[in-house]
There are 2 protein chains.
Amino acid sequence: MTKYEKQIYDIVNASRQHMTADQVYGELQKIYPAVSRATVYNNLNKLCDLGMIRRLPLEDSPDRYDRIEKHDHLVCQKCGKLSDICFDDLTQSLKDQFGEAFLYYDLKVFYICPDCRNAQSSKPSI
Amino acid sequence: MTKYEKQIYDIVNASRQHMTADQVYGELQKIYPAVSRATVYNNLNKLCDLGMIRRLPLEDSPDRYDRIEKHDHLVCQKCGKLSDICFDDLTQSLKDQFGEAFLYYDLKVFYICPDCRNAQSSKPSI
DNA sequence: TTTTTGATTTAGAACTGTTCTAATAAATTT
DNA sequence: AAATTTATTAGAACAGTTCTAAATCAAAAA
């Protein structure tokens, strides 16, 4: 594991979650100012392949990278903000259904976040 | 609703599911040979905004467009093939948790499809 | 009808996020 | 230390999608 790989792993895990490749690049530059964007993508891909981090593909937005620990995501339809949720675990049920073939699942729950709801409701409705 | 919008809606709903924008474009060209790619994107976006079709963002693959009817997706990690599944509905549980703020959810189950499993196991293991 | 208005479509340029390439540097093995 | 492998770099290339500005179409108004 190279210093970059390790550092990128730490950044994705430690920082506020759901970082874009570019945000990871920004953080990494603070430590290694000469690092290249390619290194960030290379290592993010490698870490994903190794199953050490997860990639979250989203609509209209670059991929996010997240810690592997099992949790689901809440996505605000209005502002796009992501948050973590711990929803009832579906793993057992999926294992029952698909046996060994089952690998993992990705659950995104779309909603309107409290901030956006407040912004809406504070406007006069007529 | 314009003829293109209607036609694109029909293509997404009628055809084998999970079409890419390009596949939709291909189908639409059979009917309107002069149609432009921009029209396809414009109308797919409009239909998504209207909630008449859904967009499925995937890793390493262009977005797919799908009928709106509630169902979940099974994605082969090896070959990328998508299939539909009807998993236990989580809607009520999510409504209980998030109330009116809840909109919808997207569940993708990753697995190794039967074809890929067979391809693997038929290779000698030593 | 014609005219006006607004929405839709078009072609292709532009853009964004990501991957690729070929050269360089670093690490590891011999 | 020489040879080999692996990682990194800069920037070009690429794919998918959006944008732009002109052209066309459709509906409503005159």
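User: Which atoms are 3.1 Å apart at Lys46(B) and DNA strand C?
Analyst: In this predicted model, an N or O atom in the side chain of Lys46(B) sits 3.1 Å from a phosphate oxygen of DNA strand C.

User: What does Thr39(B) do with a phosphate oxygen of that strand?
Analyst: Thr39(B) uses its side chain: a polar atom there is 2.3 Å from a phosphate oxygen of DNA strand C. Ser36(B) instead places a polar backbone atom 2.9 Å from a phosphate oxygen of the strand.

User: Which residues come nearest to DNA strand C?
Analyst: There are 17 residues around DNA strand C, and the nearest are Tyr41(A), Asn45(A), Tyr4(B), Ser36(B) and Thr39(B). Of the strand C atoms that come within 4 Å of the protein, 80% belong to sugar and phosphate.

User: Which elements supply at least two residues of that surface near DNA strand C?
Analyst: Chain A supplies them from α3 (37–49) and β3 (61–67), and chain B from α3 (37–49). The largest share is from α3(B), with 5 residues.

User: And how do the residues near DNA strand C divide into nonpolar, polar and charged?
Analyst: Nonpolar residues number 8, polar ones 6 and charged ones 3.

User: OK, strand D now. Which residues are closest to DNA strand D?
Analyst: Tyr4(A), Ser36(A), Thr39(A), Tyr41(B) and Asn45(B) are the closest, out of 17 residues that surround DNA strand D. Sugar and phosphate make up 82% of the strand D atoms that come within 4 Å of the protein.

User: Where does Asn43(A) sit relative to a phosphate oxygen of DNA strand D?
Analyst: A polar atom in the side chain of Asn43(A) is 3.3 Å from a phosphate oxygen of DNA strand D. Two backbone cases can be added. A polar backbone atom of Ala34(A) is 3.5 Å from a phosphate oxygen of strand D, and for Asp63(B) a backbone N or O atom is 3.2 Å from a phosphate oxygen of strand D.

User: Which elements give two or more residues to the surface near DNA strand D?
Analyst: They are α3 of chain A, plus α3 and β3 (61–67) of chain B. With 5 residues, α3(A) gives the largest share of the surface near DNA strand D. The residues of that surface are 8 nonpolar, 6 polar and 3 charged.

User: Change of topic. What is the strand order in the sheet of 3 strands in chain A?
Analyst: The order is β1-β3-β2, in an open sheet with antiparallel pairing. At the edges are β1 (19–20) and β2 (53–58) of chain A, each paired on one side only. Between β2(A) and β3(A) there are 5 bridges. In that pairing, Ile53(A) faces Arg67(A) of β3(A).

User: Where does α3(A) lie?
Analyst: Helix α3(A) lies across β2 and β3 of chain A, at about 110 degrees to β2(A). This is the helix that gives 5 residues to the surface near DNA strand D.

User: What about His18(A), buried or exposed?
Analyst: His18(A) counts as buried because its relative accessibility is 9%, under the 20% cut-off. His18(A) is in the loop between α1 (3–14) and β1 of chain A.

User: Which side chain makes a polar contact with the side chain of His18(A)?
Analyst: That of Asp84(A), at 2.9 Å. Beyond its neighbours within four places in sequence, His18(A) also has contacts that include Gln23(A), Leu56(A), Arg64(A), Tyr65(A) and His73(A).

User: Last topic: which strands form the sheet of 6?
Analyst: The order is β5(A)-β4(A)-β6(A)-β6(B)-β4(B)-β5(B), an open sheet with mixed pairing. Its edge strands are β5 (82–85) of chain A and β5 (82–85) of chain B. From one strand to the next the twist averages 25 degrees.

User: How many bridges join β4 and β6 of chain B?
Analyst: There are 4 bridges between β4 (residues 72–76) and β6 (residues 102–111) of chain B, and the two strands run parallel. Leu74(B) is opposite Val109(B) of β6(B) there.

User: And what does helix α4 of chain A touch on the sheet?
Analyst: Helix α4 (residues 91–98) of chain A touches β6 (102–111) of chain A and also β4, β5 and β6 of chain B, with its direction at about 130 degrees to that of β6(A). Helix α4 (residues 91–98) of chain B packs on the sheet against β4 (72–76), β5 and β6 of chain A and β6 of chain B, its direction making about 130 degrees with that of β6(B).

How values were computed
Residues are numbered from 1 along each chain as its sequence is written. Chains are lettered from A and ligands numbered from 1 in the order in which they are written. This is a predicted model: local features need pLDDT of at least 70, side-chain atom pairs count only at pLDDT 80 or more; totals for chains, interfaces and linings use all residues. Side-chain values use heavy atoms; hydrogens and water are left out. A residue is near a molecule or strand if one of its heavy atoms lies within 4 Å of it. A polar contact is a pair of N or O atoms within 3.5 Å; within protein, one must be able to donate a hydrogen and the other to accept it, and residues adjacent in sequence count only if both atoms are side-chain atoms. Ala, Val, Leu, Ile, Met, Phe, Trp, Tyr, Cys and Pro count as nonpolar, Asp, Glu, Lys and Arg as charged, and the others, Gly among them, as polar. Two strands pair if DSSP finds at least two bridges between them. Contact means heavy atoms within 4.5 Å. Axes are lines fitted to C-alpha atoms, for helices over the stretch in contact, and angles run from 0 to 180 degrees between N-to-C directions. Buried means under 20% relative accessible area, exposed over 50%, partly exposed in between (1.4 Å probe, protein chains only).
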